[in-house]
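Colleague: Could you take a close look at one part of this model for me, the nonpolar core, and tell me how it sits in the chain as a whole? Start with the contacts, please.

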Amino acid sequence: MLELSDLHLWRGDRHLLRGLNLTLAPGQVLQLLWPNGTGKTSLLRTIAGFMHPEAGQVRWKGQDITAGRDAFHLDLAYLGHEPALKADLSAAENLRFATGMRNGASIPQIHDALLQVGLSGLRSDQPVRSLSAGQQRRVALARVFLWDANLWLLDEPAANLDASGQQILCDLLDRHLGGGGMALIAAHQALAVDSSLCRLWRSPAEQP
């Protein structure tokens with residue numbers, strides 16, 4: 001369970017979020033469809049522990065994330081605006097590096113993940129800097145999938161994806177939720193996630 005209680009966030013002299021409360025349980029996805037500049041990214045970064053709230057608390061499995069940060073980060077997969085890939089490494093090398101610091105995915109698992117995101121035809125020595133923005137986003141999605149984390153925090157995950165890429169993203173989300181995972185997504189448009197436990201949150205002034 002992810003729980004946010006009475007959370008307050010500021011950006012400079014702007015009070016972005018006031019007394020925000022939220023719970024997210026296994027199998028649930030919440031899509032933040034807030035207008036630009038209202039704090040979507042700041043909220044995700046605060047939940048991930050990259051920023052600190054001015055007031056309030058973020059709890060994971062009943063414990064404040066600051067008290068069990070390492071364990072929480074092993075349960076977390078974060079995807080920001082940028083794919084955060086090493087430009088001179090291949091897609092498989094990027095995934096091997098990223099998972100090596102966590103769960104150590106095998107080469108067959110890495111190849112399967114690239115197949116899942118429609119990139120099985122890449123040359124083994126092709127650096128990701130030569131890939132399109134949409135292909136780089138697919139590599140980043142494969143990394144999220146391989147981390148095998150319970151909580152996904154995704155900031156505009158469909159950016160640069162064509163229709164087939166967006167369908168792949170939704171399929172990965174459905175698979176994740178079906179296995180008891182959970183996701184919090186910041187987006188401009190709702191993703192067509194096939195889940196009865198999907199909630200849309202259209203304004204930070206509302207409660208989800």
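Modeller: Taking contacts with a separation of 6 or more in this predicted model, 69% of them join residues 24 or more positions apart. The secondary structure consists of six helices and nine strands. The radius of gyration is 17 Å, close to the 17 Å from the globule rule for 208 residues, so the chain is as compact as a globular protein of that length. Along the principal axes, the C-alpha trace spans about 50 × 35 × 35 Å, and 50% of the 208 residues are buried.

Now to the part you asked about. In soluble globular proteins, nonpolar side chains tend to be buried together. Here the largest nonpolar core holds 40 residues, and Trp 152, Leu 173 and Ile 185 are the ones that touch the most other members. Helices and strands both feed into this core: α3 (91-100), α4 (107-116), α5 (133-147) and α6 (163-178) each give two or more residues, as do β6 (76-79), β7 (151-155) and β8 (182-186). The top contributor is α5, with eight residues.

Leu 173 is a good place to zoom in. Leaving out residues up to four places away in sequence, Leu 173 touches Trp 152 and Leu 154, then Ala 183 and Ile 185, and also Leu 191 and Val 193. Two of those partners, Trp 152 and Ile 185, are the residues named with Leu 173 as touching the most other core members. Apart from this core lies another one, of 28 residues, with Leu 16, Leu 44, Ile 47 and Trp 201 among them.

One loop residue is also worth a stop while you have the model open. Gln 126 sits in the loop between α4 and α5, two elements that give residues to the largest core. Is Gln 126 buried or exposed? With a relative accessible area of 16%, Gln 126 falls under the 20% cut-off, so it counts as buried. Its contacts, again skipping residues up to four places away in sequence, are Leu 89, Ser 90, Ala 91 and Leu 131. As for Glu 93, which is 33 residues from Gln 126 along the chain, the two C-alpha atoms are 9.9 Å apart.

Last, the outside. The accessible surface of the chain is about 9,900 Å², and carbon and sulfur atoms account for 49% of that. On the charge side there are 19 positive and 20 negative charges, with mean positions 3 Å apart.

Terms used: Residues numbered from 1 in each chain as written. Predicted model: local features only at pLDDT ≥ 70, side-chain atom pairs only at ≥ 80, totals over all residues. Heavy atoms only, no water. Helix = DSSP H or I, 4+ residues; strand = E, 2+ residues; numbered from the N terminus. Rg over C-alpha atoms; globule rule 2.2 N^0.38 Å. Buried < 20%, exposed > 50% of the residue type's maximum accessible area, 1.4 Å probe, protein only. Contact = heavy atoms within 4.5 Å. Areas by Shrake-Rupley, 256 points an atom, 1.4 Å probe, with all protein chains shown as cover. Lys, Arg positive; Asp, Glu negative; His and termini not counted. Charge placed at Lys NZ, Arg CZ, Asp CG, Glu CD. Core = buried A, V, L, I, M, F, W, Y, C linked by side-chain atoms within 4.5 Å.
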